[in-house]
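Visitor: Please take one part of this structure and go through it closely. I would like to see how it sits in the rest of the protein.

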Amino acid sequence: MTALRSGRNPTRGSRAVLLGCVAICMGLAAPRSAHAQAPPAAKPATVPTATPSATPSATPSATPAAKPIARPSTGVADASDASGTPTPVNPGEAAEEGVSPAPAVLPDPIRLLGGEVQAGTRAKLGWHASNEVAGLQVDTPVLVAHGVSPGPVLCLTSAIHGDELNGIEIVRRVYHSIDPETLSGTLIGVPVVNLVGFQRASRYLPDRRDLNRFFPGNPRGSLASRVAYSFFESVIRHCDYLVDLHTGSFHRTNLPQLRADLSDPRILAMTKGFGAIAVLHSNDRDRSLRSAAKRAGIAAVTIEAGEPMRLQPEEVEQGVRAIESLMDSLGMIARFHLWVDPQPVFYESIWVRTSGSGILLGSVEVGDRVEVGQTLGAVVDPVTNARDTLKSPVRGRVLGKALNQVVMPGFAAFRVGIEQRQQDLSVETTVGEGDTHDEDAYDPLQLEGIDPALEPEDVE
Ligand SMILES: [Zn+2]
């Protein structure tokens, strides 16, 4: 299997035909940027013509004065160099002997953040918001792998909330498992967007604002708004597809799941590429990265996986599988372990809240299926021994829950999703509104300076 996955795969051609068909049938083709052409059907010897270098249609650069990157500087690229295998640098450069020939003409370099990444290579670039104190600037790493065949630009972002760790590891595994010499399209990974929050193990920016409430940002706004603006303009605008990685917040955990606006046909099609991971419909939340990206024409979803402040191997593995499935369905890579289980989709969910105060003791786990009236947990009073049992009012599946902790009345303890049958799924499906999406009812415009304890539950 290793042999099949490495190098230029001889089976890639026939498989690519299938992938191309699947992608087109699912509406996944037609990316926006010059680098994001339709997934290659049957990667041929005659490859789509790449425009000569210095084309004005290249992906826009935040800093036009691109500085060339001589060679990839990180990770796997070094290993391939060490093996003596020359990495293609110039369009038309011949591939090594003994494997399928490289495309006759490679895609243009991708230019961003003042750098330029050649086809078939990877590079570590740096982003920093311009409003940081001079002399204290620390670049946030932006990892770019630019493939040898045309394809979409997929961006992976994590740790916008600096205490959410699972996504960091998901980005690392996905990014370093791909080979730019067999990649179609471009993968951009930002493992830690909120670097200062990450260093302080904090969800927030230093001014206690939540960065994910300020996109696409404003160059003359608050600190958070300026940081959001810089990141959005410098990195996000290069993306055709965006997966923003999160975990539950504040002592809550989530079943690995997508959050996506399923009323958008492009995003609905994108969600079907992730394999068997659960999908929860979620309306746009103004000023989250996902919402801002969608408004900018980028197909964007969030993955929620696990809880903050921990690295959880099982949740990480599910996230990796989901993103690899997406890359396969977009025609970027060829994967041989397809995740073909049914994909549970939830258009509605409810929060089961406590009515008493005391110690919350859960009796279900995320992912459990529950019936109407089934006990989810209880709140016990440590002094009086009173017990308030929490029961599910619906038949569904536990998508998220609070960890055992001391709670007050009204605390959102268990989120139960109401599964939609596959055959009922369509763009026209009525979308659940109102109290089922309590986080969406919150006005993010009011969040500036608000006490974090007053934030809604389980926000992205
Ligand atoms: Zn988050």
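Guide: What follows looks at one helix, then at one loop residue, and then at the whole chain. The model is predicted. The helix is α6, which covers residues 223-234. How far apart should the ends of its twelve residues be? At 1.5 Å a residue the expected span is 16 Å, and the end C-alpha atoms are 16 Å apart, so the two agree. Several residues of α6 are buried: A224, S225, V227, A228, Y229, F231 and S234. Part of what covers these buried residues is β4, residues 121-127.

A second place to look is L106, in the loop between α3 (75-82) and β2 (110-112). L106 counts as buried because 23 C-beta neighbours lie inside 10 Å, and the cut-off for buried is 20 or more. Between L106 and P150 there are 8.2 Å in space, C-alpha to C-alpha, although they are 44 residues apart in sequence.

Now the whole protein. It has ten helices and 19 strands, and 48% of its 460 residues are buried. Of the contacts between residues at least 6 apart in sequence, 70% join residues at least 24 apart.

Confidence comes last. The mean pLDDT is 76, with 66% of residues at 70 or more. Over residues 1-99 the pLDDT is below 50, and this stretch has 175 contacts in the model beyond near neighbours in sequence. Residues 422-456 also stay under 50, with 41 contacts beyond four places in sequence. Where pLDDT is low, predicted coordinates should not be read in detail.

Methods. Residues numbered from 1 in each chain as written. Predicted model: local features only at pLDDT ≥ 70, side-chain atom pairs only at ≥ 80, totals over all residues. Helix = DSSP H or I, 4+ residues; strand = E, 2+ residues; numbered from the N terminus. Expected span 1.5 Å × (residues − 1). Buried ≥ 20, exposed ≤ 12 C-beta atoms within 10 Å, placed from the backbone. Contact = placed C-beta atoms within 7 Å. pLDDT = per-residue confidence, 0-100.
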